[in-house]
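Colleague: I should be grateful for a close look at a single part of this model. Please treat that part in one connected account.

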Protein chains: 4
Amino acid sequence: MAQKMKAAIFVEKGRIVLDEKPVPEIGPTDALVRITTTTICGTDVHILKGEYPVEKRLTIGHEPVGIIEKLGSGVEGFAEGQRVIAGAITPSGWSNACLCGCGAQDGAGTRHGWKAIGGWKFGNTIDGCQAEYVRVPDAMANLAVIPEGVSDEQVLMCPDIMSTGFSGAETAGVRIGDTVAVFAQGPIGLCATAGARLMGATTIIAVDAVPARMAMAKRMGADHVIDFKADNPVDAIMRLTDGRGVDVAIEALGTQGTFESGLRALRPGGTLSSLGVYSTDLKIPLDAFGAGLADKQIRSTLCPGGKERMRRMMQVVASGRVDLGGLVTHRFKLDQIEQAYDLFGHQRDGVLKVAITP
Amino acid sequence: MAQKMKAAIFVEKGRIVLDEKPVPEIGPTDALVRITTTTICGTDVHILKGEYPVEKRLTIGHEPVGIIEKLGSGVEGFAEGQRVIAGAITPSGWSNACLCGCGAQDGAGTRHGWKAIGGWKFGNTIDGCQAEYVRVPDAMANLAVIPEGVSDEQVLMCPDIMSTGFSGAETAGVRIGDTVAVFAQGPIGLCATAGARLMGATTIIAVDAVPARMAMAKRMGADHVIDFKADNPVDAIMRLTDGRGVDVAIEALGTQGTFESGLRALRPGGTLSSLGVYSTDLKIPLDAFGAGLADKQIRSTLCPGGKERMRRMMQVVASGRVDLGGLVTHRFKLDQIEQAYDLFGHQRDGVLKVAITP
Amino acid sequence: MAQKMKAAIFVEKGRIVLDEKPVPEIGPTDALVRITTTTICGTDVHILKGEYPVEKRLTIGHEPVGIIEKLGSGVEGFAEGQRVIAGAITPSGWSNACLCGCGAQDGAGTRHGWKAIGGWKFGNTIDGCQAEYVRVPDAMANLAVIPEGVSDEQVLMCPDIMSTGFSGAETAGVRIGDTVAVFAQGPIGLCATAGARLMGATTIIAVDAVPARMAMAKRMGADHVIDFKADNPVDAIMRLTDGRGVDVAIEALGTQGTFESGLRALRPGGTLSSLGVYSTDLKIPLDAFGAGLADKQIRSTLCPGGKERMRRMMQVVASGRVDLGGLVTHRFKLDQIEQAYDLFGHQRDGVLKVAITP
Amino acid sequence: MAQKMKAAIFVEKGRIVLDEKPVPEIGPTDALVRITTTTICGTDVHILKGEYPVEKRLTIGHEPVGIIEKLGSGVEGFAEGQRVIAGAITPSGWSNACLCGCGAQDGAGTRHGWKAIGGWKFGNTIDGCQAEYVRVPDAMANLAVIPEGVSDEQVLMCPDIMSTGFSGAETAGVRIGDTVAVFAQGPIGLCATAGARLMGATTIIAVDAVPARMAMAKRMGADHVIDFKADNPVDAIMRLTDGRGVDVAIEALGTQGTFESGLRALRPGGTLSSLGVYSTDLKIPLDAFGAGLADKQIRSTLCPGGKERMRRMMQVVASGRVDLGGLVTHRFKLDQIEQAYDLFGHQRDGVLKVAITP
């Protein structure tokens with residue numbers, strides 16, 4: 001009889017509850033990881049609210065930090081007992097999408113090898129990691145060993161928000177001397193700010209209206225912070241840039257307002273790097289797009305995953321280049337995860353990110 | 001007293017007429033070119049209809065083929081009597097935008113060096129080339145000598161539609177083995193088809209409904225041509241690609257329909273390369289954009305200019321790689337340019353492009 | 001008792017012989033492919049001559065065309081009986097190198113995930129395909145189904161020389177309108193010529209001295225062919241380019257002479273793309289390198305592999321863009337492979353490539 | 001009669017002396033800049049020693065900081081009295097090389113528009129800036145206004161060593177999480193270290209043997225500093241990287257030893273970014289190059305120039321991202337420049353860079 005474990009499962013719209021499920025079984029290329037720390041993502045709140053559909057009784061969560069409990073028969077190069085993380089996105093490594101360097105759109109199992117958002121499996125198409133144990137598929141491509149001397153909480157942001165936020169700067173190709181605006185300073189936007197700084201942007205303009213986020217934006221590397229409730233952010237950016245606009249705008253919320261402001265804030269030839277999860281059609285205003293003649297680009301990115309990506313993210317942490325420690329504002333036991341969802345889902349008490357420990 | 005010449009000038013909405021103007025005077029870094037052949041562009045028809053505003057009495061036209069009549073005192077490296085072209089876009093070479101490789105957004109004269117669509121000067125912000133003579137600004141950056149043995153008509157498409165159409169493939173980064181769809185097969189779309197072929201795409205799907213354009217699309221390199229009146233083009237593309245979608249979609253018309261179809265036809269991670277001049281806001285449907293999670297990109301490009309670009313375009317012609325000769329369907333004297341506008345503006349008699357000779 | 005098969009094995013320096021070996025056994029992620037056609041590569045001749053060391057009794061050969069005989073228990077997405085190829089390089093998909101898009105340096109099994117030339121396994125570190133059967137490792141990343149209507153011989157060049165030759169142009173970033181010189185027109189160089197053409201180079205200068213190869217260079221897309229026995233190739237290139245030099249030089253032989261000539265033929269800022277396998281140290285002459293100040297680049301590439309790469313190569317064939325049929329000049333049964341080595345190794349009878357059929 | 005000024009001129013091998021020359025006259029596209037601060041570069045010492053040939057009586061120096069004294073009749077967008085710098089390299093903006101984004105190889109005046117090292121004019125092909133005044137050619141492309149509140153010494157490294165050093169990281173395409181080794185920590189190498197840090201490298205290994213330079217390397221961002229006199233640097237790098245090697249090696253000296261060590265220190269698929277000025281042929285050892293099969297790249301870069309580049313460099317300074325103030329170890333009046341050459345040429349007293357003020 002299968003061993004039992006606790007897991008946060010989606011029951012129906014409005015209800016994610018802690019329940020018992022069997023400890024996952026693993027196949028030859030999988031690993032079983034015992035979770036030591038995980039977190040809740042804004043996307044999980046979308047799932048909770050029924051805005052992003054998943055199967056009933058699925059275990060939620062896609063940010064695993066833990067210890068290898070068991071390795072599939074075909075997995076080499078790892079050992080039980082190692083401290084590891086896996087990315088929120090777990091590319092197979094072998095689909096056509098992966099072989100094109102686009103593991104987030106991993107179409108393993110499709111005829112042609114591409115599937116939109118197919119790399120996001122944990123807590124989406126397979127059981128996730130808000131649980132005592134999680135099965136990591138394609139373990140050799142996805143397990144990343146935590147460097148010595150680095151704590152769980154230090155790497156807790158690597159699987160998703162750090163990888164996502166940084167990719168906002170990377171996809172845009174931020175260069176030394178660039179001027180970058182980042183719209184919204186939630187956890188993803190704060191990481192985008194840190195990523196732009198890490199790549200050499202010399203003027204970083206963060207936009208938000210929550211004082212705690214605005215203060216954190218400065219710590220993450222913003223040179224200027226605009227309170228969009230006090231000032232029109234596009235006007236403010238144009239004043240700061242002497243009417244030039246920014247080389248790169250990063251959208252980190254997922255609304256028409258931030259998308260459109262980003263496009264308007266760009267200089268001709270600039271790039272809007274979109275990270276948000278949208279819930280409505282988007283409008284590109286004719287003038288903000290120069291009628292199609294302004295050489296503007298709009299690029300969207302889903303969180304890059306895989307063990308090499310995770311290794312790089314952990315190197316950023318281990319080298320001290322970026323310290324995301326301050327993002328964890330609240331801590332809960334797995335037993336209290338429903339409270340954690342309540343707090344995080346309602347954005348109470350200045351919460352940025354929570355840590356969950358089974 | 002200044003010598004007089006004939007020129008097609010914008011009088012008011014609905015009226016471009018042939019009139020007399022002084023032969024342009026030139027400054028130290030300019031050249032005066034005697035036009036031997038030019039053409040009318042779709043954009044000129046927008047101007048005629050009052051949809052794109054220009055100053056009254058401006059000479060229209062941005063596709064000059066001619067002979068150097070006179071060089072400014074500071075111009076070196078060229079000689080009077082040389083056969084030359086200049087691009088539709090004439091970058092200064094020295095603005096910040098130009099020094100970033102983005103001459104189409106040339107901000108020569110602005111404080112910070114960027115100006116949306118600032119590289120397009122002929123027939124937009126300075127007198128154009130539907131005239132006996134044209135002044136070419138920043139001549140050393142813009143005059144490109146026509147290779148021996150190549151006729152005016154052979155290079156007539158280089159200044160605008162060839163450079164623009166090819167850039168649709170270039171900006172998208174078409175790679176060997178790519179599948180590319182090109183939406184609309186007017187002159188720009190046909191050049192985009194040729195450009196995708198030239199860069200190594202192995203499956204090129206052209207979309208149009210005009211039989212002559214569909215036939216020309218095949219000659220330009222399309223492997224499949226979809227008649228959008230007979231078939232839903234996105235459905236047809238999905239059938240042709242086994243449900244995968246295309247790596248690159250090129251929009252070459254400037255409408256919501258082609259823009260949206262391009263976005264829908266993309267595989268995850270694909271690039272929509274936009275060439276059209278739009279006249280309305282655009283909508284990005286939520287599903288076509290994977291809610292922002294499908295790694296899709298939208299890139300717009302304005303025609304690249306400058307003498308090096310023109311040199312490359314003429315090399316394509318001179319090497320026989322692409323033969324755009326078939327695009328010139330009608331020929332007129334400059335004296336008949338009002339008739340030419342009438343024919344081209346109403347797209348009568350299967351016109352693709354006209355040649356105008358003073 | 002294991003079934004037996006015929007295989008060409010390396011016995012000692014100077015001796016590759018046909019012998020009996022057991023049909024390979026396969027693990028859960030492998031496939032067994034019955035070879036229907038294969039070929040001999042210049043690298044195999046290096047092995048024969050003892051210039052490149054491999055283990056004794058290793059089966060040689062890295063260009064498999066065949067039929068899936070058996071799939072490992074963990075392999076999905078393929079079916080026995082399918083006609084397939086695999087690349088000469090077989091990336092695991094899951095090493096750090098692979099996840100960086102550099103499968104040719106696949107370090108599967110190393111601590112850090114990188115190994116020089118580690119992606120080349122067939123006939124190098126594991127048994128190859130000059131045999132009746134071959135085991136394909138990491139089958140899901142490496143099996144590529146042959147399109148309907150395409151023959152074995154048509155795709156026989158895809159696994160190695162086509163992928164390698166094209167990569168010479170791809171790694172150099174050949175652009176529309178480039179001038180490219182290709183040094184040596186053996187099978188790899190001919191494919192480099194074809195690749196430069198496929199990517200939009202408008203002046204392609206091929207260098208060789210063997211009349212049959214020079215003629216074939218023209219068929220593959222060269223605009224000019226220089227006989228290096230009749231003319232100094234660098235001088236000839238400078239004459240052809242009016243003293244400018246080429247944007248890209250591709251080295252396709254592996255000697256100091258071709259390497260150095262390539263570097264000398266470049267314009268400032270140009271790229272030397274190196275494909276050859278060298279057997280001596282190389283010298284960079286101070287003047288050819290502009291003392292380090294000429295913005296020149298030297299890039300080496302090992303044949304890209306994996307199923308997506310093979311799919312693209314076969315698309316080039318299936319679309320008719322490039323026809324490499326003419327490269328197969330001689331055909332042998334597997335039983336005659338020692339004769340084939342003799343002919344190919346001594347480059348007799350105008351041989352370009354041989355086809356071997358078990 | 002022309003006004004006179006003091007200038008450091010090359011007389012003959014071994015002699016650069018301060019003498020009188022006429023204040024330069026300017027043409028319509030030039031500017032006259034009154035020098036307020038300049039410096040001596042290692043290249044100037046090569047000139048002094050007769051290792052790099054220049055015309056006799058040429059004014060030396062290519063790092064101008066000063067005030068606009070006079071503008072040519074055709075120069076717009078600037079005003080007399082503005083504090084400006086110009087790059088060591090002064091691209092015309094209009095040559096083919098410039099229009100390809102390769103202004104350092106500016107071939108303004110050649111038939112085809114390319115000239116090796118042609119962008120380096122000051123103190124090489126035209127009079128330089130170790131003088132009271134300098135003529136800046138193509139002023140609109142090259143004058144860059146110093147931001148308010150930034151001192152001469154703060155921007156003194158921008159024209160050459162900062163632009164050069166940073167380009168070592170930029171040309172190599174340093175990415176977030178990269179491991180980078182920088183060979184030699186003179187002024188250029190220190191800037192390369194700072195540039196790698198600025199672009200997101202997380203492990204930076206600097207190599208030198210001079211204690212003051214090793215200490216400065218730490219301040220510029222190195223995580224590890226190897227004393228090559230105490231340890232074989234390649235061995236040390238392999239130990240630090242667990243046998244993997246570095247993603248990027250930057251050569252910043254110009255010797256066979258540093259070049260070869262850089263190549264050996266690379267992981268497969270890595271990039272050697274070469275900044276040094278060599279004075280001998282270079283050897284690529286067969287094994288360090290993986291016989292041409294290791295996907296290694298060697299890229300050389302000459303200091304990027306032009307006003308947009310200078311603007312970006314000054315932004316780095318103004319934003320406080322990098323502080324190069326510590327590099328100026330000694331200060332001299334222009335009258336004392338012969339002493340300054342003596343000190344700097346012999347690398348006495350721990351000199352890193354000198355500041356010269358007329």
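How many residues does the contact take from chain A and from chain C?

Modeller: The model is a predicted one. In it, the contact draws 19 residues from chain A and 19 residues from chain C. On the side of chain A that touches chain C, the elements that give two or more residues are α2 (96-99), α3 (139-142) and α10 (307-318) of chain A. Of these, α2(A) gives the most, with 3 residues. By residue class, the side of chain A that touches chain C divides into 7 nonpolar, 8 polar and 4 charged residues.

The domains of chain A provide the setting. Chain A is divided into domain 1, which covers 4-87 + 122-157 + 324-357, and domain 2, which covers 165-300. Their C-alpha centres lie 30 Å apart. The contact between domain 1 and domain 2 of chain A takes 8 residues from the former and 7 residues from the latter. On the side of domain 1 of chain A that touches domain 2, there are 2 nonpolar, 4 polar and 2 charged residues.

Chain A also contains an open sheet of 5 strands in the order β6-β3-β4-β5-β7, with antiparallel pairing. Strands β6 (133-136) and β7 (144-145) of chain A stand at the edges; each has a single partner strand, so one side of each is left without a neighbour in the sheet. At the β6(A) edge, the partner is strand β3 (residues 31-37) of chain A, and the two pair in the antiparallel sense over 4 bridges. Within this pairing, A:Leu32 stands opposite A:Arg135 in β6(A).

How values were computed:
Residues are numbered from 1 along each chain as its sequence is written. Chains are lettered from A and ligands numbered from 1 in the order in which they are written. This is a predicted model: local features need pLDDT of at least 70, side-chain atom pairs count only at pLDDT 80 or more; totals for chains, interfaces and linings use all residues. Domain bounds come from an automatic or database domain assignment. Two residues are in contact if their C-beta atoms, placed from the backbone, lie within 7 Å. Ala, Val, Leu, Ile, Met, Phe, Trp, Tyr, Cys and Pro count as nonpolar, Asp, Glu, Lys and Arg as charged, and the others, Gly among them, as polar. Two strands pair if DSSP finds at least two bridges between them.
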